[in-house]
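Here is a friendly walk through a two-chain model, written for someone who likes to know the cut-offs behind each term. Have the viewer open as you read.

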Number of protein chains: 2
Amino acid sequence: MKALSKPREGVTIYEVAKRAGVSIATVSRALRDSELVTPQTRERVRAAAAELNFTPSRLGRSLAEGRHAANGIVFPDLVGPYYAEVVLGYEQVAAELGRSVLIRATHGRADADAQVLEMAARVDGMVIMGRSVADDVVARIAATGLPLVLLSRDPVSDVDTVRPENDTTARELARHLVGHGYRRFAFLGDPAAAPDVAGRYAGLAAGLKEAGVRVPDPVPCAFELEAGRSAAAGLLACRPRPRVIVCANDELALGALTAAGEAGLRVPQDVAVTGWDDLMAARFAGLTTVRQPMRELGATAARRLHEQIEARPAKRTGRQETLPTELVLRTSCGTHTMG
Amino acid sequence: MKALSKPREGVTIYEVAKRAGVSIATVSRALRDSELVTPQTRERVRAAAAELNFTPSRLGRSLAEGRHAANGIVFPDLVGPYYAEVVLGYEQVAAELGRSVLIRATHGRADADAQVLEMAARVDGMVIMGRSVADDVVARIAATGLPLVLLSRDPVSDVDTVRPENDTTARELARHLVGHGYRRFAFLGDPAAAPDVAGRYAGLAAGLKEAGVRVPDPVPCAFELEAGRSAAAGLLACRPRPRVIVCANDELALGALTAAGEAGLRVPQDVAVTGWDDLMAARFAGLTTVRQPMRELGATAARRLHEQIEARPAKRTGRQETLPTELVLRTSCGTHTMG
DNA sequence: CTGAAAGCGCTAACAG
DNA sequence: CTGTTAGCGCTTTCAG
């Protein structure tokens, strides 16, 4: 057997050791500020490392330490400001905790399962958001004992979950709209596409039922402005026309607003529209919507995950955490009298 | 010397080998579809692996293969839709190429340099965006021979660069605004904060100079709506008031629009406003702006990086690529007569 | 076709 | 305080 001699090119700890005239153990210690080295030696090693522009291999270190010092997050997509904010909150907390961050958007890809499993092998713990992968993949990862947190997703076995409040606020929205005198409702969005949408629809339905108003069937629709526009155009062509279109998120609502304009209808006089998310555009479009603590969702998930990682061996608590959301009234749902 | 016995818990290739009654080499081969194993053996190994819920350790594999199969991307921040879109494009291409993605937002953190260096040790190549770290860090990473691509940033030595067109389109914008008859310009944004802003300001200045219009000093301002609002409020209080406020990006412009509204000024009759980015909100705010191929910027950077990684040992070409941008005229810059 | 064993770069006992 | 050395989990010669 001979050396394999891969065409590696990074400077290794051996070269630094040789240059500094010490052993690799001393280099390792010196570079990590161990107390077990003379300031003198430390300096010599430091100098040698600097001269060689040496950075320790993360692979070697992780393998020896038995940890990656990295967290992952998987989400269905990154389109629209929603996911980005969540990822931002996640990254921020992870960075503070000194952990690297791996991301993967599944985009409904065929090999999503494999990619997520791959990520599971690279991290000390991960967050899975929404319906990015099937339950059996989640279960399989959970079975390995890897720290795991589900975000905006229905619980799977005893995995920790973090999500925004949907039900209560959706009921509140229903009550508010009924208060405007509306009776013909439409719901734009596919409850089967995301747990959050299911929760919003359920809350709306419950609120309407309480008020004795007919509950509309949901109109499934992709999460894009364009899709919202065309679906809403169809809805607005119905007779009798719905008096209010409750949309599963702001992008759809913005599309509905566009459709209403194209149909020559005034909002809210002819048709009212509501969204969900409170994107920046919602403000400029005067859209009534629900504000979600997106960044905080990501940050919270990161903290829960970290707790699990630190608490190894894992004690799955199945903790469920729900973050509050807030109804934001603007002009698109109807005219509000001041005072 | 004894075994170290870390409290590792993952199933290893040894256990699979034992269970399948073969050597670890055979397991390794079987699981990676090597031709060198009987279908029979392969099946036996597969079964054993499945029963044990085995996933090969990425660390072990990477260390042995001498590659991470991961790419990194560093950006200054993730606030606002701009960066998210870039990251999305990057992730998408990286995923197609079978590579994991590491992200890091520096947020102007003090330890940004160390974090970026850390990432450099975890990936086979990385993209550095805007002013996320200082030139010397870029140079240092480049010196290690790690494949590197700069995004929306001034070139450093011979590192490949990808960026959006700023100068030409900014000149075009200047000409258009001068065509509206405007002479008193203001520029909101800090050219020192981002190379893109510097390019936009330079282009605007050049365009104005050509037209014989006085070039305004830039008004430095953070990249946030609120900051834009207050800076614009100050500008609008000046006498004589600027006739048009050219903003470094849409968020600032949206803030300027808000400020104008609060000051009781009509846009564009009393003051015109332009942005840059073409966020979704820009459309609903009627904002004249410049559309950038954000997703394509990320995707292009990912491809360039991949080329470098595949072409190892690296041959730095210092290739510079500029992606086109497009002026989008809406109502905020002035009234346009049809036809 | 399969197995034995040598590393990949680093950390951490252990023995000086 | 410092050096020696045994792994960490996997891939890959090299021999059979």
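The report below goes from the symmetry to the interface, then to a sheet, a helix and some backbone details.

This is a predicted model, in which local features need pLDDT of at least 70, side-chain atom pairs count only at pLDDT 80 or more, and totals for chains, interfaces and linings use all residues. Residues are numbered from 1 along each chain as its sequence is written, while chains are lettered from A and ligands numbered from 1 in the order in which they are written.

**Symmetry and interface**

Chain A superposes on chain B with an RMSD of 0.1 Å after a rotation of 180 degrees, with 0.0 Å of shift along the axis. The two copies are thus related as by a two-fold rotation axis. The superposition is by least squares on the C-alpha atoms of residues with pLDDT of at least 70 in both copies. Within chain A, the residue that comes closest to this axis is A:A281, with its C-alpha at 1.9 Å.

How many residues of each chain are in contact with the other? There are 43 in chain A and 44 in chain B, where contact means that the C-beta atoms, placed from the backbone, lie within 7 Å. On the chain A side, α4 (58-65), α5 (81-96), β2 (100-105), α6 (112-120), α7 (135-143) and α12 (280-285) each supply at least two residues. Helices (H or I, at least four residues) and strands (E, at least two) are DSSP runs, numbered from the N terminus. The chain A side holds 24 nonpolar, 10 polar and 9 charged residues; Ala, Val, Leu, Ile, Met, Phe, Trp, Tyr, Cys and Pro count as nonpolar, Asp, Glu, Lys and Arg as charged, and the others, Gly among them, as polar. Since 100% of the interface residues of chain A are also interface residues in chain B, the copies meet through the same surface.

Strands also pair between the chains: β2(A) and β2(B) (residues 100-105) run antiparallel over 3 bridges, and A:I103 has B:V101 as its bridge partner. Two strands pair if DSSP finds at least two bridges between them.

**A sheet and a helix in chain B**

In chain B, 4 strands make an open, parallel sheet in the order β7-β6-β8-β9. Its edge strands, β7 (218-219) and β9 (272-274), each pair on one side only. Between β6 (185-188) and β8 (244-247) there are 4 bridges, and B:F185 stands opposite B:V244.

Helix α5 (81-96) of chain B has 16 residues and reaches 23 Å from first to last C-alpha, close to the 22 Å expected, a span taken as 1.5 Å times one less than the number of residues. Of those 16 residues, 15 are buried, so α5(B) is largely enclosed by the rest of the structure. Buried means 20 or more other C-beta atoms within 10 Å, exposed 12 or fewer, and partly exposed in between, with C-beta atoms placed from the backbone.

**Backbone details**

Two cis peptide bonds and two positive phi values are listed here.

| Site | Feature | Value |
|---|---|---|
| A:V267 to A:P268 | cis peptide bond, omega | about 10 degrees |
| B:R239 to B:P240 | cis peptide bond, omega | near 0 degrees |
| B:A69 | positive phi, not glycine | near 60 degrees |
| B:D278 | positive phi, not glycine | about 60 degrees |

A:P268 sits in the loop between α11 (250-262) and β9 of chain A, and B:P240 in the loop between α10 (225-237) and β8 of chain B. B:A69, between α4 and β1 (70-75) of chain B, is partly exposed with 17 C-beta neighbours inside 10 Å. B:D278, in the loop between β9 and α12 of chain B, is buried, with 23 other C-beta atoms within 10 Å.

Methods. Two residues are in contact if their C-beta atoms, placed from the backbone, lie within 7 Å.
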